[in-house]
Amino acid sequence: MGDRVDGHLCLQDNGVLFQILSFLSPRELFPVSSTCKAWCQVTRSERLWYEICRVRWSRVWMPWAEEDSPLKDPGVAWRKRYILAEKEARRLDITVQELGRYLWRLTYNDEPEKTYFAKFKPRDIKNNLGCGVVSIPELEAKDLSFSLDLKVGQGGTNMAVLTVENFPPHYAARSNEWRWVFANSQVQLVSLHDSEAPEEAARHGAGSSKSWDVVNFLQQSVPAIDMELADDVDMVDLRQSYDCPELQKEMSLAKELMSSSGAAPPAPRRQ
């Protein structure tokens, strides 16, 4: 597995090192990558970050990803896709197009056992905001008017504000499993894919837009090149790489995302 130098174990097999590092969380991997060249290469390997994405994304609700989304782009490294997905999960400025894409589960705060379903139908759209009508057949005989606007929240973050008729405004949030949430003092709206409630989606005339099948996507996207790492790479001074502005920017973004999450995302476990 490795030799001992000055009493320390030196790992020479990158496959073994990969197995060890696969138990670390993403928050732990970023500083580990600056240990040495071999560790840097393993911590940036496509297969490792594919496994991290696979485990992480299987435990959350993934919003719809457009065909040109970098999450689906085979030219984008899995490490970068992970960072982009984590950043997306903290975004609060939902667009009116996204609002109309999903089915929404509606519950009243004083009657959480009762569930209703709403579908937004945008009409006047400008700069990804706008207005339209929302259909809630179980509660209202006619459609209700709505508008979607933005306000600046804490830290300068843009937050979507949904107003339905004359009811109190609903403010955007994200659940722990990444779902969109709109809430006020009376009700809560939570995003669903049409496929999660197909009968309700059909009642609202929805169901034509399919959700992103993340499991199938990941099964078709396993990196073909596995752990061929340090052996055929010229030795270089890694300090030059760490001084690269692009890498420094990526590392800063990663640290910001990891520190703002409260708890570290789950580390992958070999199956």
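Is C131 buried, exposed or partly exposed? C131 comes out as partly exposed, at 27% relative accessible area; the cut-offs are under 20% for buried, over 50% for exposed and partly exposed in between, with a 1.4 Å probe and protein chains only. Keep in mind that this is a predicted model, where local features need pLDDT of at least 70, side-chain atom pairs count only at pLDDT 80 or more, and totals for chains, interfaces and linings use all residues. Residues are numbered from 1 along each chain as its sequence is written, and side-chain values use heavy atoms, with hydrogens and water left out.

**View 1. Y108 and Y116 meet edge-to-face.** This is one of nine aromatic pairs in the structure. Rings of Phe, Tyr and Trp (its six-membered ring) pair if their centres lie within 6.5 Å; planes under 30 degrees apart are stacked, over 60 edge-to-face, and the rest tilted. Here the ring centres are 6.2 Å apart and the planes stand at 90 degrees, so edge-to-face it is. Y108 is partly exposed at 29% relative accessibility, while Y116 is buried at 15%.

**View 2. F120 and F146 pair up between two strands.** Another edge-to-face pair: 5.0 Å centre to centre, with 85 degrees between the planes. F120 belongs to strand β4 (residues 111-126) and F146 to strand β6 (residues 144-152), so the contact ties together parts 26 residues apart in sequence. Strands (E, at least two residues) and helices (H or I, at least four) are DSSP runs, numbered from the N terminus. Both rings belong to buried residues, F120 at 3% and F146 at 4%.

**View 3. Charges sit over two Trp rings, W64 and W78.** To qualify, NZ of Lys or CZ of Arg must be within 6 Å of the ring centre and within 35 degrees of the ring normal. K72 puts its charged end 4.9 Å from the centre of the W64 ring; for R81 over W78, the figure is 3.8 Å. W78 also joins Y50, W57 and F217 in one aromatic cluster.

**View 4. Helix α4 is mostly covered.** Nine of its 12 residues are buried, among them Y50 and W57, two members of that cluster. The helix runs over residues 46-57, and its end C-alpha atoms are 16 Å apart, in agreement with the expected 16 Å (1.5 Å times one less than the number of residues). C53 is buried too, at 0%. As for disulfides (cysteine sulfur atoms within 2.5 Å), the count is zero.
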